[in-house]
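This report describes selected local features of one protein chain. It addresses salt bridges, strand pairing and the surroundings of individual residues.

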Amino acid sequence: STGLIYIPGAYSSSDEVVELAKVAGRHGGVYASHMRDEGDKIFEAIAEALRVGREARLPVQLSHFKIDNPRLWGRSDKTLAAVEAARREGVDVVIDQYPYASSSTGLGMLLPSWALADGSDAIRRRLTDPAPRAKILAEMRDRWGKQHRRKHLDFAHVASCSHDRKLEGKTITQITREKGRKPKLAGELETVLDLQLAGGAQMVYDSMSPRDVERIMRYPHTAVASDSGIREFGQGVPHPRGYGTNARVLGKYVRELGVLSLEEAVRKMTSLPARTFGFRDRGMIREGFWADLVMFDPARVADRATFEQPHQYSVGFDWVLVNGVPVIEDGQPTAARPGRVVRRLAQK
């Protein structure tokens with residue numbers, strides 16, 4: 001598994017990743033990757049991931065497939081075509097997606113990757129020394145102003161900020177104004193560096209096109225995934241995907257918009273990811289399989305979590321069984337804890 005868009009994975013070369021993946025491939029593994037880029041260089045990033053699959057001879061799973069640069073919105077037909085072409089050549093590649101046009105990750109993603117190298121002390125020196133700070137700001141202006149054509153950072157919302165909870169839910173533009181700076185890109189980038197220096201923050205970014213989200217969702221080899229950590233109820237203003245992902249697919253994209261059939265949506269949540277990661281006794285209702293079952297009302301299922309009020313549970317899920325034991329019973333949680341570690345089974 002690689003996170004090539006993140007530190008320290010960003011510093012890995014393609015050759016290094018290939019050699020590591022060869023070891024996993026010899027043991028029946030899968031190469032799962034958060035690709036190196038999801039904007040200007042997305043096609044190069046897809047090609048790199050597919051190269052790993054070809055040369056290491058193992059399946060490839062591309063995480064959170066998207067296009068996050070407004071300048072390239074609408075080109076998901078081309079990115080999906082690159083994936084499909086590789087499948088036709090024999091590369092076993094699948095992708096996953098969460099059903100929102102906003103992503104969530106750290107504040108540091110707004111900075112150039114080199115600025116985050118070598119640990120907190122080195123980062124602090126760069127952000128307080130005038131020369132490297134000026135270089136960082138220049139690269140950020142080029143990336144977000146010229147490449148992404150952003151006049152403001154109002155697309156960036158603070159989800160959680162341990163050093164100042166009052167900032168949670170506010171955009172970088174709002175915070176800049178509250179600091180007494182002009183809400184223009186230059187001042188907003190200064191605000192980003194100040195926040196990073198103070199300890200950073202978890203963010204929500206309005207970075208995708210709904211049209212691309214729907215097209216990627218329709219692709220047969222796209223699985224549904226939340227990309228969310230475990231949420232503490234009421235803490236911060238996190239991305240609503242931690243509460244609403246599956247319900248949103250079933251309610252909005254199946255029942256309301258007709259983007260997927262109900263059967264196809266369920267497959268993308270169950271048997272497709274189980275097959276991808278080698279869980280041969282899960283993901284389907286079949287004799288001899290573990291009884292992991294969710295019973296829901298197709299006419300009622302819906303997500304309630306919003307970006308403004310994310311701490312809201314979905315509705316329409318009446319029963320959930322884990323390994324045959326009810327953990328949700330008539331819509332209410334039980335005290336049962338029947339879960340177990342799920343391990344990949346060796347292929348026969």
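Does Arg181 count as buried, partly exposed or exposed? Arg181 has a relative accessibility of 27% and therefore counts as partly exposed. The model discussed here is predicted, and the accessibility of Arg181 is taken up again below together with its salt-bridge partner.

## Salt bridges

Side chains of opposite charge can pair when their charged atoms come close. With a cut-off of 4 Å between a side-chain nitrogen of Lys or Arg and a carboxyl oxygen of Asp or Glu, the count for this model is 26 salt bridges. Among them are the three pairs listed below.

| Basic residue | Acidic residue | N to O distance |
|---|---|---|
| Arg88 | Glu84 | 3.6 Å |
| Arg181 | Asp194 | 2.6 Å |
| Arg241 | Asp227 | 3.3 Å |

The pair of Arg88 and Glu84 is contained in helix H3, which spans residues 76–88. The two residues are 4 residues apart, or about one turn of the helix. With a relative accessibility of 70%, Arg88 counts as exposed, whereas Glu84, at 22%, counts as partly exposed.

The side chains of Arg181 and Asp194 form a salt bridge with an N to O distance of 2.6 Å. This pair links distant parts of the chain, 13 residues apart: Arg181 is placed in the loop between helix H6 (172–178) and helix H7 (185–198), and Asp194 belongs to helix H7. Asp194 has a relative accessibility of 23% and so counts as partly exposed; Arg181, at 27%, is also classed as partly exposed.

In the salt bridge between Asp227 and Arg241, the closest N and O atoms are 3.3 Å apart. Asp227 lies in the loop between strand S8 (222–224) and helix H9 (241–256), while Arg241 lies in helix H9, so this pair ties together parts that are 14 residues apart in sequence. The relative accessibility of Asp227 is 28%, which places it in the partly exposed class. Arg241, by contrast, is buried, because its relative accessible area of 3% is under 20%. Elsewhere, salt bridges that share partners connect Arg133, Arg181, Glu190 and Asp194 in one network.

## The sheet of S5, S7 and S6

Three strands make up an open sheet in the order S5-S7-S6, and their pairing is antiparallel. Strand S5 (102–106) and strand S6 (156–160) are the edge strands, each pairing on one side only. From one strand to the next, the twist averages 30°.

S5 pairs with strand S7 (residues 202–206) in the antiparallel sense, and 5 bridges join them. Within this pairing, Thr105 has Met203 in S7 as its bridge partner.

Ser162 is located in the loop between S6 and H6. With a relative accessible area of 64%, which is over 50%, Ser162 is therefore exposed. Its C-alpha atom is separated by 7.3 Å from that of Ala201, a residue 39 residues away along the chain.

## Two hairpins and the setting of Asn323

S10 and S11 pair in the antiparallel sense, with 3 bridges between them. One of the pairs involves Val322, whose bridge partner in S11 is Val325. The two strands form a hairpin with 2 residues between them. In its turn, Asn323 has a positive phi of about 55°.

S11 is also joined by 2 bridges to strand S12 (residues 332–333), again in an antiparallel arrangement. Here Ile328 has Pro333 in S12 as its bridge partner. The hairpin of S11 and S12 likewise has 2 residues between the strands, and Asp330 takes a positive phi near 55°.

What surrounds Asn323, leaving aside its neighbours within four places in sequence? Asn323 occupies the loop between strand S10 (317–322) and strand S11 (325–329). Beyond those sequence neighbours, Asn323 is in contact with Arg282, Trp290, Ala291, Asp292, Pro338, Gly339 and Arg340. Pro338 also appears in a polar interaction: the side chain of Asn323 reaches the backbone oxygen of Pro338 at 2.9 Å. The relative accessibility of Asn323 is 16%, and the residue therefore counts as buried.

How values were computed
Residues are numbered from 1 along each chain as its sequence is written. This is a predicted model: local features need pLDDT of at least 70, side-chain atom pairs count only at pLDDT 80 or more; totals for chains, interfaces and linings use all residues. Side-chain values use heavy atoms; hydrogens and water are left out. Buried means under 20% relative accessible area, exposed over 50%, partly exposed in between (1.4 Å probe, protein chains only). A polar contact is a pair of N or O atoms within 3.5 Å; within protein, one must be able to donate a hydrogen and the other to accept it, and residues adjacent in sequence count only if both atoms are side-chain atoms. Contact means heavy atoms within 4.5 Å. Two strands pair if DSSP finds at least two bridges between them. Axes are lines fitted to C-alpha atoms, for helices over the stretch in contact, and angles run from 0 to 180 degrees between N-to-C directions.
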